[in-house]
Amino acid sequence: MKISTGIEKLDEVLDGGVKSNSSVLLLADSLVDKSSFVQHILSARILDNDKGIYITTSKTPTNIIKNMYEYGWEYKHLVFVDCISSTLKEKPKSKYALKRKITKLPEAFEETLKLFKQALKDLKGFKIVIFDSLETFMGVGAENIAEEMKELKHLFDDTKTTCIFLLTDWGYEKQEIKKICNAVDTVVNLGTVEKKLLWMNYFQFDELPRIFFQITQTGVGLYVPKILITGPFHSGKSSTVHALSEKAVSVDRLGTTIALDHGYIEKKGIVCDIFGTPGQERFDWILKILSRDTWGVILVVDSTRPETFKRAKEMLKEVKGYEIPFVIFANKQDLGNAIKLEEIKKRLGLPDVVGTSATKNEGLEEGLKLLFDKIFKVK
Amino acid sequence: MVEKKKELENILKALEEIGDVVGSAVVRRDGLLIASALPSEVNSKSVAAMAAAIVGTSETSVKELEIGGFNQVIVNASNGQYVSIGAGAEAILVCLLRKSANLGLVLLEMERSAKKIGRII
Amino acid sequence: MRVETGIKNFDDNIEGGFPEHSAILLKGPIGIGKTTFCNQFIYQGLKQNEASIYILFNARADDIKKSMKRFGWEIEGKIIIFVDVYSWQSGELITDKYTIINPADLNEFNIKIFKAINELQDKNLKRCCIDALSTLFVYIPPDLALKFVSSLFAKLKAIKITSLITIEKDVLDPKTVAVLESLTDGMVELNYDPIKMTQRLIRVDRMKDTKHPLTWMKFGIGDNGIMVV
C-alpha cells in the first residue's frame, strides 16, 4: 500500500507514494532546508489522520512547532523525542528526552535509539516517524548506523510505522553514504543547483529528472522561474495573468498591453513568475526579449475569432514555443459565439488545448497544471 | 485631423531650432506614431512603439516604487541620447539629442512643447 | 598580494600581511585580545572599502561596534554583515535574517552564511572573521563540526576570501585542534608570558608561503589597538 507525501509530483515520482511500513532516506546537500521539506510531508500525514513521532537531534521542539505553524502545517498530537534541548541547556518538555548532555557520541546514539524504540512501543497508532537527522551520529561510523537502521525495520513492521530518515551529506565517503542508503527501502535526493544566478532546490528519485521546488506560504510547491503568456491581440492574455496571479502588474495604455504583464503565482503546489507579452504586431520585438529563458509557454487564443489562429501559431514560433513545453488556452469559451474546443484543436492542429474563460476564472488552473506536468514530465 | 497634424509638425519643427535637438516625434501612448520629425534613416514606426513601451514601463515602475510622479526617461548612448516625456493623457513627446546636449535647456523647451501637444490631442 | 592585518609591526614580520585567500587560525586564552585582533583585521579591510563577514559566537554586533569605536575605528556606513550566533541564548524573539536561532542546527547556519556571502559577493567581499569557532564545538559533535568547518573553509577559499578564525585555548581536545590546523594555511598564537604574567606575547607558529620569525614577540593593547613591540 502506498501512502501520499502530500507533494503530488513526489508521489508521482515514487509511483503513488511511499510504501507503508517502510523506511525512507532523504539525502540532502548542505543548502536545502530538508527539515521544512519533511515537515510538509509530516503535516500531510497528520491531516490524513496519522499520528507522528519526531526525533530531533539539532532543532528544538519549540522551533519545529514554530516553523510548522508559520508554514500553516498541521502538527496536532505530534510527540517529540528530544535529543537536543539538554545540550542547549534548556529543560526538555517531552517525556522522551535526553535528560542531560552526553559527551560521548556512541553513548548519545545508544540513548537516542533507546528513546526511539521506547516511544514506538508506547505510542500505539503512531504511524509516521521522522528522524531529523542522522549526521549528528555519523561519528559512530556509517556501518554501525546502517546496522541499527536495518534492525529498526523489524520494529517498523511490528508497529506498522513508516519512518523517514534525514541526512545531510557533509562530504562523507561514497562508501559511507552507500551503507546508509542500503539500510532503507527508498532514497530521495534533495539538492540545490545554481542556474544563471538563480539558486533552485530540487528533489530527485532514482534516474528520474530533477523536480524543482520552493517552500512558500503554501508549503512545498513545484517551482518554475518563468512562464510566458503570449497570443494575438485582445485574446485575453493580460486578463489571464491577472486571474492566475496573487499579484500582477500590467504596462498597458489605451486598452492594450504595450510592454508586458508580470504576475507571481503561488497556488497549491505551484510557484512561478509569469510574463505576458503584448499581442499587437508593432510590439513583436518584445517577444524575443521576454521569451528568453522561459520554461514554458501558454498561448492564449480568442475562441470567437478563428481568423487570429494563424497569427497565434506564428507567435508561438517566434517565442520558440515548439522547442519548450506549451499549452494552449482557448479563451472566451463563455461567449455565445465561441467555437467548441474540439473544433479549435482541429483548426490549430496542435495538442494540449484547454478551454478557458479568464474573466470567469474557468479552466485556468487546470491549464497551468497541465503545463507544469509537461515541464516536469516524469513518465 | 489634418490641421492637428500640421500643428504638431510645426511644434516639432520649432524644437529642431534648438541646436541640440536632432529629431523628434509625437507618439500615441499605445505605440502608434502620430507625427514624426526624426532623421530619414530612422525606422520611425519601430522607434515609436519602443518609446511608448519605455515610457509606459518607466511610469509603471515609478508607481510600483512609490517614488512620486514620472518626470522623464533619458536613454544615454555613446553617440547621442533621447528623452521621452508625457504630452497629455494620450501622447508622448520623444526628442533625439546630440551627445553634448544641454539637458536643462532641452527639457524646458520639451515641457513647453509637450503642454502644447497635450492641448491639441 | 598580501592581506594587511593593520596590526602595527606585525605585518612587517609576515611579509606585509596574511597570504591572499588563506585561512589563518588564531589561538589563545580568554581575554588575551583575540577579538581585538579580529576587530583590527576587519577594520583594516573596511578602511580599504572591502566588504566583510563577521561571524560572532561570543558577542553581539553592537558590542563589537562599541569596542571598535573605543579604538577610533568607525564602521558606520561600511559594508559588513554580522552573523550573530550569540543572541540566541537570551531567548528573545529573533527577527534579523543573519541571526542564528540555534547553534546546533548546522543546516540553518550554513544557509544563513551562504545568504550573507551571496549578498556581498558583488560588493568587493574580501575578508571573513569567525570569533570564536571553538564555541561551535560545544553544541555539535566534533566529527560533524569538523566536516562542516572543512566545507565552509573550502567555500571561503573558492570565493577568494581571506579568513581569520579564532579558537579558545584548552576548550578543544588536541586531536580536534590538530585537524583544524590541518584545514588552515597558518596559525598565530597568543599567550601570556609564563614568567611575567602581565606581558602578552604573540608568535607565528606557521604560515604558508611566508618568511616569518618563529620567536615570541611582545605586544600590548593601546589606544589605537594592538601594537607589536
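Start at Val27(B) in this predicted model. Setting aside neighbours within four places in sequence, Val27(B) is in contact with Leu33(B) and Ile34(B). Its other contacts are Ala48(B), Ala51(B), Ala52(B), Ala91(B), Ile92(B) and Val94(B).

Val27(B) also belongs to the largest nonpolar core, a set of 213 residues. Val27(B) is among the residues with the most contacts inside that core, together with Leu26(A), Val26(B) and Cys95(B). Helix 5 of chain C, residues 142-158, supplies the largest share of this core: eight residues. Chain A contributes too. Domain 1 (2-216) and domain 2 (224-375) of chain A each give the core at least three residues.

Now turn to chain C. Here an open sheet of nine strands runs in the order 5-4-6-7-3-8-9-10-11, with mixed pairing. Strand 5 (80-84) and strand 11 (225-228) of chain C are the edge strands, and each pairs on one side only. Direction ignored, neighbouring strands of this sheet are turned by 20 degrees against each other on average.

Look inside the sheet at strand 8 (residues 186-192) and strand 9 (residues 200-207) of chain C. They run antiparallel and are joined by seven bridges. One pair to find is Gly186(C) with its bridge partner Met207(C) in strand 9.

Helices pack on the sheet. Helix 1 of chain C (residues 34-47) touches strands 3, 4, 5, 6, 7, 8, 10 and 11 of chain C. The direction of helix 1 makes about 170 degrees with that of strand 6 (125-131). Helix 3 of chain C (residues 106-120) packs there as well, touching strands 4, 5 and 6. The direction of helix 3 makes about 175 degrees with that of strand 5 of chain C.

How values were computed:
Residues numbered from 1 in each chain as written. Chains lettered and ligands numbered in written order. Predicted model: local features only at pLDDT ≥ 70, side-chain atom pairs only at ≥ 80, totals over all residues. Core = buried A, V, L, I, M, F, W, Y, C linked by C-beta atoms within 7 Å. Buried ≥ 20, exposed ≤ 12 C-beta atoms within 10 Å, placed from the backbone. Helix = DSSP H or I, 4+ residues; strand = E, 2+ residues; numbered from the N terminus. Domains from an automatic or database assignment. Contact = placed C-beta atoms within 7 Å. Pairing = 2+ DSSP bridges. Axes fitted to C-alpha atoms, helices over the stretch in contact; angles between N-to-C directions.
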